[in-house]
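Student: I have a structure to look at, and I want to know how its labels are earned. Can we go through them one by one?

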Amino acid sequence: MTELKDKIAIVTGAAVGLGNAYAKALAKEGVNLAVCDIRPEINQVRDELAEMGVDCIGSEGDVSNPDFVKHFVDVTKSKFGHIDILINNAGVWGASVADDDMEKTLEDYENIVGTNLKGEFLFGRAVIPVMIDQGTGGDIINVATDHMVTCGTPDYYCEGNSECPHQDDPHGIGNVGGGPRPTGGGDAMDLYDASKWALNGLLYGWAKALKGHRIRVNALCMGATDSYMLRSFHDFNPSDEEVSQWMRAEDNAEVMIGILKEGVGGRNAQNHQFCMGREVALESPRPQIYVLEDDVKIGGQSHVG
Ligand SMILES: NC(=O)c1ccc[n+]([C@@H]2O[C@H](COP(=O)([O-])OP(=O)(O)OC[C@H]3O[C@@H](n4cnc5c(N)ncnc54)[C@H](O)[C@@H]3O)[C@@H](O)[C@H]2O)c1
């Protein structure tokens, strides 16, 4: 198990919700932090994190803005000297449907794809060269959704799992009982889902390119977790029953800490699934099907370190 104390982590979208829980969980482990968010509350969050006894910088900014991302990463590097962990969490949800008019579509695209895909892409591009130069490895965790990875993908996940709450799901597609359930959100989520499915491209591409540099890349695929975003779906007035079924951001954050503590020999290129109705816990790594030893080749050269 790897000690996280005194490592340096960037957490995007840390003002509220999951990002806030990730930053606090890291601070509890003694990780020094650079946090950012489009909300001004990030300045107060920075002070709260510093009160937990870690060194922390915070900045208000938009993850889809390349100038902001570059500046923020440069400032983090100058302040701490290195960057060990990137938690690419900032995200937005907005309703979008297949026949939206062009004006709305373009606004939605900038906002949803700009934050969920471009933001994670830009932070990766800014941080990865720093991690490579350091030569000490690193961890990147992208935050995705259970719309792209449920127990339906890959379907062997549920095999033999009698705990699976979707075993008897009549809409299931898998090979065990009625479940697992299919992927995808509702019909008003085409852009949100597209922006999150696209994260698989970053996950597998980065994991392959960076394995030789001992940089792991994993993703967290959230199911319904109590946060500002989820409450906004329910007009900020969810029933007690709904809330009781949701996962807690603090529990998800513990799983993230577990992945980070695995260190360089730990899982890589994996989508960790969080499924409402099942205990939130660190799942066993799945068989490695995307980043095989002889698969990591660029231009015919093996890049496996
Ligand atoms: N909560 C859930 O049930 C759930 C489910 C699936 C996926 N997710 C994903 O988890 C991540 C966190 O979501 P959450 O539920 O905590 O949402 P949230 O709205 O509660 O928090 C998101 C944070 O990101 C910040 N943010 C948004 N756009 C930004 C931008 N352009 N630049 C900088 N910061 C920005 C927000 O201000 C906010 O502080 C997102 O990527 C989301 O898609 C959440």
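Tutor: Yes. Keep in mind that this is a predicted model. By class, the shell around the ligand holds 14 nonpolar, ten polar and four charged residues.

Student: Which residues come nearest to the ligand?

Tutor: There are 28 residues around the ligand. Leu18, Asp37, Tyr192, Thr225 and Ser227 come nearest.

Student: What makes the pair of Asp37 and the ligand a polar contact?

Tutor: The cut-off is 3.5 Å between N or O atoms. A polar side-chain atom of Asp37 lies 2.6 Å from a ligand oxygen, so the pair is a polar contact.

Student: How far from a ligand oxygen are the side chains of Lys196 and Ser227?

Tutor: For Lys196, an N or O atom of the side chain is 2.8 Å from an oxygen of the ligand. For Ser227, the distance is 2.6 Å. Overall, the protein covers 95% of the 820 Å² of accessible area that the ligand has on its own.

Student: Which elements give two or more residues to the shell?

Tutor: They are helix H1 (17-28), strand E5 (138-145), helix H5 (190-197) and helix H7 (228-233). E5 gives the largest share, three residues. The space taken by the ligand is the largest pocket.

Student: How many aromatic pairs are there?

Tutor: The count is four.

Student: Why is the pair of Phe68 and Phe72 called stacked?

Tutor: Ring centres must lie within 6.5 Å, and planes under 30 degrees apart count as stacked. Here the centres are 5.6 Å apart and the planes at 25 degrees, so the pair is stacked. Both residues lie in helix H3 (residues 66-80), four residues apart, about one turn of the helix.

Conventions. Residues numbered from 1 in each chain as written. Predicted model: local features only at pLDDT ≥ 70, side-chain atom pairs only at ≥ 80, totals over all residues. Heavy atoms only, no water. Near = heavy atom within 4 Å. Polar contact = N/O pair within 3.5 Å; in protein donor to acceptor, adjacent residues only side chain to side chain. Areas by Shrake-Rupley, 256 points an atom, 1.4 Å probe, with all protein chains shown as cover. 1 Å grid on protein atoms, 1.4 Å probe; cavity = no way out; pocket = protein on both sides within 12 Å on 5 of 7 lines; lining within 4 Å. Sits in = over half its atoms within 2 Å of the grid points. Nonpolar A, V, L, I, M, F, W, Y, C, P; charged D, E, K, R; others polar. Phe/Tyr/Trp six-rings, centres within 6.5 Å; stacked < 30°, edge-to-face > 60°.
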